[in-house]
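Thanks for making time this morning. I would like to walk through one structure with you, moving from single residues to the packing around them.

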Amino acid sequence: MNYKYRKSMDEFEKLLVPTINGRTPTFLGVPRAKNKEDLKSADAAIIGIPFLRSPPVGRELQPSILDVYNLRRASLKYGGYLPELDLEVFEYVKLVDYGNIEVIQGNVEKSIDQTANKICEILEAGCVPITIGTPPAGCYPVAKAMVEKLNKVGIVHLDAHCDNLEEHAGGKWSGACWVARLSELENFDMKNFVQIGIRGPRISKEQIDWHKKKGSHFFTIRDIREKGVEEILDDTLRHISGNKVLLAIDFDVLDLGAGPGLDEPAGISTWELLKISYEIGKSNFGGLCVEWIPSSITPLYWIVTWTILYTLAGMAMGKIGISQSP
Ligand SMILES: [Mn+2]
């Protein structure tokens, strides 16, 4: 028997998969990238953003800061093979987990900088960033980094809501304002912005008029139901062609019957979400930002994990040039 005791500063007992801090596994147990050098041979990198956002209107405070840990734990239910596509995703896409960004709670502007810098680091290594958790100011810092590094960027935003308010809850950096901040970026053209899934009485007429004035494209749930998701996807890909694409997902785009704790009725199904994610993954995919998981309930983490895997499956198919669709 080897009676070896740990010192207080030693690492915790390890799981059988790589960890990000001793007790939280990496997303899907993928290899842990610890520095820029580790990113160089990878295709995509998961990065956690544990920012504590302010309480959303009409709901209690969400423990969103824990999403980066709980989602990684919940993801261990899965591997990288999708039988419905007969595809081993990690055979074609090398995914690593780059840990969490050190944000400063309560300081949105500093946290935006820190997030954007980290995303730039991932892009400089030639890697596609996949953010989990709650970024400060919605997907703004991820979009900002992509516009800065890649120049020609298209954004597909899946959300029930517009997130284009000039100000919300006293601040211009609220998650409900990120699309308005995006439109102020010098090198981003709102004609390369497509929003899918808008619906319901939380949105004002001014927010829709704003989109029309900016020349961005949007599809309401009624458009999706009338045309079908295939036609909406064709239109979307046409609007953003020639650009590296950021897929920004607020999971309240899903119907509230799609999982416990979801937010708005009459949304899209999980299958429609996966199909959209796959097709975007296949088409000049540049990044994925999981902007908002409405509630810290395990089945929602499973939906997020599937969505990331389907996006990566699309990326794999794009790489090997097979044009099958789910
Ligand atoms: Mn929303």
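Let me begin with a question: in which helix is the place of glycine 314? The answer is helix H11, and I should say at once that we are looking at a predicted model. Glycine 314 has 28 C-beta neighbours inside 10 Å, and since 20 or more is the mark for a buried residue, it counts as buried. Leaving out residues up to four places away in sequence, glycine 314 touches Ser277, Tyr278, Glu279, Ile280, Gly281, Lys282 and Phe285. Alanine 145, by contrast, is 169 residues from glycine 314 along the chain, and the two C-alpha atoms are separated by 23 Å.

Staying with the helix itself, H11 has 23 residues, which at 1.5 Å a residue should span 33 Å, and its end C-alpha atoms are indeed 33 Å apart, so expectation and model agree. What follows H11 is glycine 321, with a positive phi near 70°.

H11 also has a helix partner that I would like you to look at. Helix H2, residues 67–75, packs with H11, residues 298–320, at an angle of about 75°, and their axes are 9 Å apart. That angle makes H2 roughly perpendicular to H11. On the H2 side the contact is made by Asn70, Leu71, Ala74 and Ser75, while H11 brings Thr298, Tyr301, Trp302, Val304 and Thr305. Sorted by character, the residues of this contact are five nonpolar and four polar, with no charged residue among them.

Now to the interior. The largest nonpolar core has 99 residues, and those with the most contacts inside it are Ala44, Ala45, Ala143, Val156, Leu246, Leu312 and Ala313. Which element gives the largest share of this core? It is H11 once more, with eleven residues. Taking alanine 45 as one example from the list, and again setting aside residues up to four places away in sequence, we find that it touches Ala33, Leu39, Val96, Tyr98, Ile122, Cys127, Pro129 and Ile130.

Glycine 48 has its place in strand E1, which covers residues 44–50. Glycine 48 is buried, with 23 other C-beta atoms within 10 Å, and beyond its neighbours within four places in sequence it is in contact with Val68, Gly99, Asn100, Ile101, Ile132 and Gly133. Proline 83 is 35 residues from glycine 48 along the chain, and here the C-alpha atoms are separated by 28 Å.

Let me turn to the loop between helix H4, residues 108–124, and E5, where alanine 125 lies. Is alanine 125 buried or partly exposed? With 19 C-beta neighbours inside 10 Å, where a buried residue needs 20 or more, alanine 125 counts as partly exposed. Outside the four-place window in sequence, alanine 125 touches Lys36, Leu39 and Lys40, and its C-alpha atom is separated by 8.3 Å from that of serine 41, although the two are 84 residues apart along the chain.

Finally, a point about the backbone. Most residues other than glycine have a negative phi. Leucine 28, in the segment before helix H1, has a positive phi near 60°, and with 22 other C-beta atoms within 10 Å leucine 28 is buried. Alanine 137 likewise has a positive phi near 60°; alanine 137 is found in the loop between strand E5, residues 128–134, and helix H5, residues 140–150, and is buried, with 28 other C-beta atoms within 10 Å.

If you keep one element in view afterwards, I would suggest H11, which holds glycine 314, packs with H2 and supplies the largest share of the largest nonpolar core.

Definitions and conventions: Residues are numbered from 1 along each chain as its sequence is written. This is a predicted model: local features need pLDDT of at least 70, side-chain atom pairs count only at pLDDT 80 or more; totals for chains, interfaces and linings use all residues. Axes are lines fitted to C-alpha atoms, for helices over the stretch in contact, and angles run from 0 to 180 degrees between N-to-C directions. Helices (H or I, at least four residues) and strands (E, at least two) are DSSP runs, numbered from the N terminus. Angles under 35 degrees count as roughly parallel, over 145 as roughly antiparallel, 65 to 115 as roughly perpendicular and the rest as oblique. Two residues are in contact if their C-beta atoms, placed from the backbone, lie within 7 Å. Ala, Val, Leu, Ile, Met, Phe, Trp, Tyr, Cys and Pro count as nonpolar, Asp, Glu, Lys and Arg as charged, and the others, Gly among them, as polar. The expected span of a helix is 1.5 Å times one less than its number of residues. A nonpolar core is a set of buried Ala, Val, Leu, Ile, Met, Phe, Trp, Tyr and Cys residues joined through C-beta atoms within 7 Å. A residue is buried if 20 or more other C-beta atoms lie within 10 Å of its own, exposed if 12 or fewer, and partly exposed in between; C-beta atoms are placed from the backbone.
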